[in-house]
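Reader: I have a structure in front of me and would like to go through it step by step. Could we look at it together?

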Amino acid sequence: MKKYLSAILFMATLALCAQETNDETTKWSAGRPDGHAPISVMGDHMHGKGEWMFSYRYMHMNMEDLKQGNDDASFDEALTNYMVTPTAMPMNMHMLGAMFAPSDRVTLMAMFNYISMEMDHLTRIGGNFTTESSGLGDIKLSLLYRFFNQNQQSLHGQIGFSIPTGSITESDVTPASAPNAMELPYPMQLGSGTFDPVMALTYLGQNESVSWGSQIRGVFRFGKNDREFRYGNRYSLNNWLAVKAADWISFSARLEGLLVGELDGADPDLNPMMVITADTDNSGGTLINGGLGFNIYVPTGALKNLRFGFEFASPLLQDLEGIQLKNKETLTLGLQYSL
Ligand SMILES: [Cu+2]
């Protein structure tokens, strides 16, 4: 039965691809507020031949309190095995992106980001301290390839990689190291330290007033970086639905499943007994995230093709390996302009 189903699916896909038409009205269109996915989704759309797009995104991610597996954990539980526990970690990210389409089939994409993070701690003897790190993250380069665009549906693939421009040796002063600075644990580092291939597949569909999309994405990590570790692979499946309320505004809902692999190897300068974030057993997990947002689009006039997007996202479920900071809300705001 399964065999027949997949054969039918395969033939239907072929038939769909074969009847490629040039009629613009049957094509999936980006020229509407929900023509782009919720602002937190990357590589969701492509551009027409010769088109450029520049974007700026601001992302605020917050982590607070602890989780062990599926359950909440107290700071005292963490402090029975470690000298120090983090209590909160806010992170801000500024992202600059550029896209260019040399043809209708191919869009090139580059993304630069600047990250700043803080981590608040509690020690076994009741002291508090905060560490900070900030700087350029890993630069990401990608190519998007369109498989088809018709009947208001579209399918494209992404292939790319990140260049390890982000530091993995960020350090700061802690009560244990004062007056010297010591290397900060993994979550406070700015890059991965490895060249990471990225692959994604995005399906988009729309009708008069609603649009929807699905994206499966993998970030793959190989080898070891200069600090003798590599982060785990990352797989996500994103699904969204947006309602076009007017020519200039749409509202979206998004549901994401995320699998993060465990960190492999260990930085020899970090002591895993010191703090939970320096112990590689406390890395990786499975999350389900939900997001609500809106897109604003200027359909005519001097600012035509300017967009603003906003999304509020929060984990609905999180199952974390070992004991880790709990993921809280993520806010994403972005401006996009194509010409
Ligand atoms: Cu774009």
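The questions below concern a predicted model.

Reader: Which atoms coordinate the copper ion, and what is their arrangement?

Author: The copper ion is held by H45 (NE2), H47 (NE2), M53 (SD) and M99 (SD), at 2.0 to 2.5 Å. Four donors count as tetrahedral if all angles lie between 85 and 135 degrees. Here the angles are 102 to 122 degrees, so the arrangement is tetrahedral.

Reader: What spacing do the donors of the copper ion follow along the chain?

Author: Reading along the chain, the donors of the copper ion have the spacing H-x1-H-x5-M-x45-M.
The pair M53 and M99 links distant parts of the chain, being 46 residues apart. M53 belongs to strand β1 (residues 52–69), while M99 belongs to strand β3 (residues 84–100). The spacing asked for is thus H-x1-H-x5-M-x45-M.

Reader: Which strand gives the most to the nonpolar patch?

Author: The nonpolar surface patch covers about 770 Å² and is made by L108, L143, Y145, F147, I159, M199, L201, I216 and L237. Two elements, β6 and β10 (196–206), give two or more residues to this patch. I216 sits in strand β11 (residues 210–219). With three residues, the strand that gives the most is β6.

Reader: Where does D281, part of the patch of negative charge, lie?

Author: The surface has a patch of negative charge where D71, E262, D281, D319 and E321 gather. D281 is found in the loop between β15 (264–265) and β16 (285–297).

Reader: Which peptide bond is cis?

Author: Most peptide bonds are trans. One residue to look at is P179, in the loop between β8 (171–173) and β9 (181–183). With omega near 5 degrees, the cis bond is the one from A178 to P179.

Reader: What is the phi of Q152?

Author: Most residues other than glycine have a negative phi. Q152 lies in the loop between β6 (139–150) and β7 (153–163). Q152 is not a glycine, yet its phi is positive, at about 55 degrees.

How values were computed
Residues are numbered from 1 along each chain as its sequence is written. This is a predicted model: local features need pLDDT of at least 70, side-chain atom pairs count only at pLDDT 80 or more; totals for chains, interfaces and linings use all residues. Side-chain values use heavy atoms; hydrogens and water are left out. Patches are made of residues with over 30% relative accessible area and no salt bridge: like charges are joined within 9 Å, nonpolar side chains (Val, Leu, Ile, Met, Phe, Trp, Tyr) within 5 Å. Accessible areas come from the Shrake-Rupley method with a 1.4 Å probe; for residues, only the protein chains shown count as cover. A salt bridge is a side-chain nitrogen of Lys or Arg within 4 Å of a carboxyl oxygen of Asp or Glu. Lys and Arg count as positive and Asp and Glu as negative; His and the chain ends are not counted. The place of a charge is taken as NZ of Lys, CZ of Arg, CG of Asp or CD of Glu. Helices (H or I, at least four residues) and strands (E, at least two) are DSSP runs, numbered from the N terminus. Donors are N, O and S atoms within 2.8 Å of the metal (3.2 Å for Na, K and Ca); water is not among the atoms, so sites may look incomplete. Four donors count as tetrahedral if all angles lie between 85 and 135 degrees; four count as square planar and six as octahedral if opposite donors are over 155 degrees apart and all others between 65 and 115; anything else is irregular.
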